[in-house]
Amino acid sequence: MNRISSKIMRVNSVDVSGLSWQPSTAPRLLLDHINCRLEEGHFYGIIGPNGSGKTSLIRHLLALQSIQSGSIEIEGVPIGLFSKKQLARHFAYVAQKIPSNYSFTVFETVAMGLFARSRFFEAPSIQMIEQVNEALLATQTLQYKDLPFAVLSGGESQRVLLARALVQSAEWLFLDEPVSNLDVSHQVEMMEKLSSLRREKGKTVVCVLHDINLAARYCDSILMMKAGRLLYNGSTKEYLNREHLRDVFDISFAVLAHPVTSDIIYVPDYGPTTRND
Amino acid sequence: MKSKPVVLAILLTALLAIMVAVALSVGAVHVQIRDIIRILMSYIPFFDQQVSTAYIPKSHETIIMAIRLPRILLAGLVGCGLSLSGAVLQGVLRNPLADPQVLGISSGAAFGAAVAISFGFTYSAFGLGGIAGAAFVGALATIFCVLKISFSEGKSSLIGILLAGIAISSLLTSAITMIMVLDREKLEKVYMWMLGSFSAASEMRVIFMLIFVVLGLLAILPLSRALDLMMTGDDSAQSMGVDVEALRKWMILVSSLMVAACVSVSGIIGFVGLIIPHVVRLIAGPRHTRLLPLSCVVGAIFMIICDTLARTMAAPSEIPVGAITAILGAPYFLFLLARSARKGAIR
């Protein structure tokens, strides 16, 4: 479609500048002059209270929402110049759920990730089927291969959707609250998986999180949002601290060392008790 | 219960051929199937040298070639067109209850037909008589309105499209009722048209339908895999490389045109476009690469069976085919549904 965008083989950086967005029904800007640069090889965590614009930002980065003002450039090329297929070769989205009355099997679901790199009429080659099996293996979902996707549990279906994103072979993975519906052990399992994908496959991960401690443990870079604005943006070590957390969440946090692992953990101060005991 | 798709396709195509032969043979005059084969072969170059039709009465040949064959082909093509557009609309609107009537196109056609019947239009064009022609124009006008309304803000909402269709459909149905009440003489004619029939089949109508179905297939089948992705949700499909908005507009446009053609030549035949895609999903799974072609074949088979019953059950009078489709199809569908519910395939 576009010469410049089709020449890009690998996306090293994404530049967001002055990105603002206010849908006609919203009373205020949902994104308010966001400026940031995302570079490959990082594990980005986006944190902030509900309605702070985390999902809106992700949707703009994936071109699911067209730009109202400001710009997003991939390797210097405006995101709007990429066709959906071109973009899908670089950016994969791990959806949180799938609509009801969905009746495809796990294998069929994962194989859908091949779409962006295949042509019309092309029957899936052995090599492609092999890729699907590899992704199922990598996410420990091979045993569910022939089951309907709809019967899987939350943790299992999240892993299958991750497998689908892996089949897409995009260098960047975008996730919107991937662990919010999972129990503690599945949360850790999912985050470990993402972490190992970054280490071993060189994937860049951009992930909306609600759990500050997961963000502190797994993300090397952090984007902290509030009311549509990007308040803090930088390395987790430097920027994730008590003051910044209080600014973003309006709640004070205690910083403790974990008694066993001595990792830093953040505990919110819940305020005076309202328990009736 | 997912059979091998290729085997399934071959079996169903064979079944279609058998049904065509049986339908050609039955009627007021019974014609032997081997005579039918001879007559058909005598119309094909090269084969016409191999067979002799001398002993077959000329009247049989006329019945087969001029009366039954166009009617059967028309029924098959309409069954195919309605099932295909039903399957496509259920996919792009992501709604299992969507069918060819959901966007109000059938009502638009019926309104056109009612106006033509009431005013007694007699011109004819493209092989369509005044009524069918007016129905087609009515359907096209409705498509224009539906598309205009549902895509007005550039971005479509699924519920918006469905509601616009329902509103337009009710509006037109009321208008038809007004015409019927104000013009009592024509009431029965309008009502019978709306129930659907293939009794006005002609060679020109077959060609008209053939063009729409073939172009429809060419416009839809290459996009089957994108339709699969649509089932995972708009954001998800788009992030995998599908231009969701463009695909949805295109699919709605193409399937609407097919429905417009079907309804203009046959009246409103319900149930087929809703149920056939579900039947095919139950036997062949949800993948559109299988669902769409198999829906065409099964839709054609089903419609030919229904039309054959329509013209033979109460001969010499005819039962409207639209009344037969549901009587025949609903019990079978309920049986399939109950069976797959037991197996846990439907949740």
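Here is a walk through this structure, taking chain A's sheets, then chain B, then the place where the chains touch. Keep in mind as you go that this is a predicted model.

Let's begin with the open sheet of 4 strands in chain A, which runs in the order S2-S1-S4-S5 with antiparallel pairing. Its edges are S2(A), residues 31–39, and S5(A), residues 77–78, and each of these pairs on one side only. If you look at the S5(A) edge, you'll find that strand S4 of chain A, residues 69–74, joins S5(A) in the antiparallel sense over 2 bridges. Right there, A:Ile74 sits opposite A:Val77 of S5(A). Now look for helix H2 of chain A, residues 54–61: it lies across S1(A), S2(A) and S4(A). Compared with S1(A), which covers 13–21, helix H2(A) runs at about 125°.

Chain A also has an open sheet of 6 strands, and here the pairing is mixed. Follow the order S6-S7-S8-S3-S9-S10 to trace it across. The edge strands are S6(A), at 91–94, and S10(A), at 229–235, each with pairing on one side only. Going from one strand to the next, the twist averages 15°. For a parallel pair, pick out S3(A), residues 43–47, and S9(A), residues 221–226, which are linked over 4 bridges. One spot to click on is A:Gly45, whose bridge partner in S9(A) is A:Ile222. Helix H6 of chain A, residues 154–167, packs on this sheet, touching S6(A) and S7(A), the latter at 172–176. The direction of H6(A) makes about 170° with that of S6(A).

Over to chain B, where the secondary structure is 15 helices and 0 strands. Its radius of gyration is 21 Å, close to the 20 Å that the globule rule gives for 347 residues, so chain B is as compact as a globular protein of that length. Along the principal axes, the C-alpha atoms of chain B fill a box of roughly 65 × 55 × 40 Å. Of the 347 residues in this chain, 48% are buried. And of the contacts in chain B between residues at least 6 apart in sequence, 74% join residues at least 24 apart.

So where do the two chains meet? The contact draws 20 residues from chain B and 23 residues from chain A. On the chain B side, the elements giving two or more residues are helix H10(B), 224–230, and helix H11(B), 234–239. H11(B) supplies the largest share of that side, with 4 residues. By residue type, the chain B side splits into 7 nonpolar, 6 polar and 7 charged.

Notes: Residues numbered from 1 in each chain as written. Chains lettered and ligands numbered in written order. Predicted model: local features only at pLDDT ≥ 70, side-chain atom pairs only at ≥ 80, totals over all residues. Contact = placed C-beta atoms within 7 Å. Nonpolar A, V, L, I, M, F, W, Y, C, P; charged D, E, K, R; others polar. Pairing = 2+ DSSP bridges. Axes fitted to C-alpha atoms, helices over the stretch in contact; angles between N-to-C directions. Rg over C-alpha atoms; globule rule 2.2 N^0.38 Å. Buried ≥ 20, exposed ≤ 12 C-beta atoms within 10 Å, placed from the backbone.
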